[in-house]
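I opened this entry to keep track of what I looked up, in the order I looked it up. The structure comes first and the notes follow.

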Amino acid sequence: MTQSVPPQPTDGNPFAQQPVPVPPAPSAPARGNVALGVLAAVVAALVSAGVYGAVVGATEYEIGFAAIGVGFVVGFAAGKVGGANPVLPVLSAVLSLGAVYLGQLVGAAILAADLLGVSATEMFTGHMDLLMEAWQESADAMTFLFLAIGAFAAYSGAKKAAA
């Protein structure tokens, strides 16, 4: 006699289910690519310089915490994308010096544009020599302290992000 019972699984468990295929794990983000780390640091430096300049222009003060933020963002971007390459913290510190300086120039352009009744873009592109001269005359110990703090924050940010 034949029975209408489905065949038993070979392991003897009638309640066993068929194995479900497991999708492959997503690939890890690209780390350790020095060129991408440098690119990320340059982009972060330019963006954070613009933000820092806008803050300086709006408040009419150089804010030390903003310089720390600029440095940390530059270093974090380089370390996160570029990995633990020993060049990236040093490069991040140099880029952050430039970003803080550029941000101070953007802030000075915004302030001078308000005084002269021209656009900040015109002031920045057409009168860069005046902006750099004004920066040199107004630079004091705090200005250089902000530059140094931003560089230190970039160096340590890149080290921590790569770890």
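**Methionine 123 and the core**

I started with methionine 123 and listed its contacts, leaving out residues up to four places away in sequence: Ala109, Ala112, Ala113, Leu116, Val118, Met128 and Leu131. I note here that the model is predicted.

I then looked up the largest nonpolar core and found 23 residues in it. Met123 is listed with Tyr52 and Val100 as the residues with the most contacts inside this core. I checked which helices supply at least two residues each, and these are α1, α2, α3, α5 (128-138) and α6 (141-162). The largest share comes from α1, with 7 residues.

**α1 against α2**

Next I took helix α1 (residues 34-59) and helix α2 (residues 64-82), whose axes come within 7 Å and cross at roughly 160 degrees. An angle over 145 degrees counts as roughly antiparallel, so I recorded α1 as roughly antiparallel to α2. The crossing of the two is right-handed.

I wrote down the residues that make the contact. From α1 they are Val34, Leu36, Gly37, Ala40, Ala41, Ala44, Ala45, Ser48 and Tyr52. From α2 they are Ala66, Ala67, Val70, Val73, Val74, Ala77, Ala78, Val81 and Gly82. Sorted by class, the contact has 15 nonpolar and 3 polar residues, and no charged ones. Tyr52, on the α1 side of this contact, is the residue I had already met in the core list.

**α1 against α3**

I repeated the lookup for α1 and α3, and their axes lie 7 Å apart at an angle of about 25 degrees. Angles under 35 degrees count as roughly parallel, so α1 is roughly parallel to α3. This crossing is also right-handed, as I read it for α1 and α3. I counted classes here too: 19 nonpolar residues, 7 polar and no charged.

**Alanine 99**

I closed with a single position in helix α3 (residues 87-116), alanine 99. Is alanine 99 buried or exposed? Its relative accessibility is 3%, and under 20% counts as buried, so I entered alanine 99 as buried.

Which residues does alanine 99 touch, not counting those up to four places away in sequence? I found Ala45, Ser48, Ala49 and Val70. Of these, Ala45 and Ser48 of α1 and Val70 of α2 also appear in the α1 with α2 contact.

My last entry is a distance: alanine 99 and glycine 53 are 46 residues apart in sequence, and their C-alpha atoms are 9.5 Å apart in space.

Note on methods: Residues are numbered from 1 along each chain as its sequence is written. This is a predicted model: local features need pLDDT of at least 70, side-chain atom pairs count only at pLDDT 80 or more; totals for chains, interfaces and linings use all residues. Side-chain values use heavy atoms; hydrogens and water are left out. Axes are lines fitted to C-alpha atoms, for helices over the stretch in contact, and angles run from 0 to 180 degrees between N-to-C directions. Helices (H or I, at least four residues) and strands (E, at least two) are DSSP runs, numbered from the N terminus. Angles under 35 degrees count as roughly parallel, over 145 as roughly antiparallel, 65 to 115 as roughly perpendicular and the rest as oblique. A crossing is left-handed if the near helix is turned anticlockwise from the far one by less than a right angle, and right-handed if clockwise. Contact means heavy atoms within 4.5 Å. Ala, Val, Leu, Ile, Met, Phe, Trp, Tyr, Cys and Pro count as nonpolar, Asp, Glu, Lys and Arg as charged, and the others, Gly among them, as polar. Buried means under 20% relative accessible area, exposed over 50%, partly exposed in between (1.4 Å probe, protein chains only). A nonpolar core is a set of buried Ala, Val, Leu, Ile, Met, Phe, Trp, Tyr and Cys residues joined through side-chain atoms within 4.5 Å.
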